[in-house]
Amino acid sequence: MLNVAVIGIGNISLLFDYDKNTNSANSHIKAIYLHKEFNLKYIADIDDRNLSKVQKLFSDVIFYNDYKKLIDKKDIDILVIATPTNMHFEVLSSFKNSNHIKKFLVEKPLFSTKDEYENLDSFFKDKIVVNYIRRFQKPIKNLKENIENKSLENLQKITLNYVKGLKNNGSHFIDLINYLFSNPKIEDIKILDETIGFNDEDKSYDLFFKIQYNNKLIPVYFIALDHTKYNIIELNLYFDNQVVSYINSERTIFYKEIVEKKEFKGYKFINKVSTKKDKISNKLIYNVYDEIFLQINEKKDNCASFENELKNLEFLTKILNSKE
């Protein structure tokens, strides 16, 4: 069994899901509770207000109010960093001599500044897993396979509705585009408008840009919505033969064929009825730990590596630099 230490006991670590009587896994600690290969050994947070909730799942967990007390612990196999992003680099760097730690699972985005990416100790680069949870889900992997085997024909356009900041939430879909289309080159970027984001440093932007894919330029539209009015996250991929829609609130990927109607000869329509619905598991973060276990024990490739995150940084930096 692999011992886990979690630094930061907030939403993604615990509060999104801590009911031991359900089989969902929308938090780190719930995923660890459900997974037979992992044990929560330590937690660290400056505030102990959520400690009692953790103890309902792991009665023997050891709590510290200072993460630095974990540095000398030799029985940690996985270290989870779920602090605010501006603390990631400082916390991670504190463990640069912790050779016994097999994987560092860090919430996205990995760091706040380009300097932090550039100054990261080389010790970490093969051990970091960035928690872009969609990369670990079977329906997303199926979609990538369908794109690569060309059962989805000739991509025409991509649209995204999103909320709560380009860095905080939009980064999930920058990462997803990089994953699905193998890190395409981005060009012709235009920021069209901005709206309320995650905070003052992370606005939400209406964007237009193009990606190079299969020797053609594909237009991409990011539409930012005000999360106080709508909490909508939807990605649409328009192919010649199908439209594929990922609806976050339904955790489902819908495949709809392009059809002709007899009464409208010569015109093509999107079929209202989905030919396929690929449901994403309610064990979102459990699947992350499942894959980490395979990376450690079966040498499976890391699908959410530091190198992948550098591609996301490059993508995001090009967008934000276009403001200047």
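This passage describes the two domains of a predicted model, the interface between them and the pairing of aromatic rings.

The protein chain is divided into domain 1, which comprises residues 2–132 together with 286–303, and domain 2, which covers 138–280. A distance of 30 Å separates the C-alpha centres of domain 1 and domain 2. To the contact, domain 1 contributes 7 residues and domain 2 contributes 8 residues.

The size of an interface is often given as the accessible area lost when the parts come together. For domain 1 and domain 2 the buried area is about 620 Å², with 44% of that area coming from carbon and sulfur atoms. On the side of domain 1, the most area is lost to domain 2 by Asn26, Lys108 and Tyr132, which together account for 66% of what that side buries.

Polar interactions were also examined across this interface. Between domain 1 and domain 2 there is 1 salt bridge, and 3 residue pairs are in polar contact, both residues being at pLDDT 80 or more. The side of domain 1 that touches domain 2 consists of 2 nonpolar, 2 polar and 3 charged residues. A salt bridge joins the side chains of Glu291 and Lys141, with an N to O distance of 2.8 Å.

The count of aromatic pairs comes to 17. The ring centres of Phe123 and Phe124 lie 5.1 Å apart and their planes stand at 70 degrees, so this pair is edge-to-face. Phe123 and Phe124 are both buried. An edge-to-face pair is also formed by Phe209 and Phe315, at 5.5 Å centre to centre and with 85 degrees between the planes.

Technical notes. Residues numbered from 1 in each chain as written. Heavy atoms only, no water. Domains from an automatic or database assignment. Contact = heavy atoms within 4.5 Å. Buried area = accessible area lost by both parts, 1.4 Å probe. Salt bridge = Lys/Arg side-chain N within 4 Å of Asp/Glu carboxyl O. Polar contact = N/O pair within 3.5 Å; in protein donor to acceptor, adjacent residues only side chain to side chain. Nonpolar A, V, L, I, M, F, W, Y, C, P; charged D, E, K, R; others polar. Phe/Tyr/Trp six-rings, centres within 6.5 Å; stacked < 30°, edge-to-face > 60°. Buried < 20%, exposed > 50% of the residue type's maximum accessible area, 1.4 Å probe, protein only.
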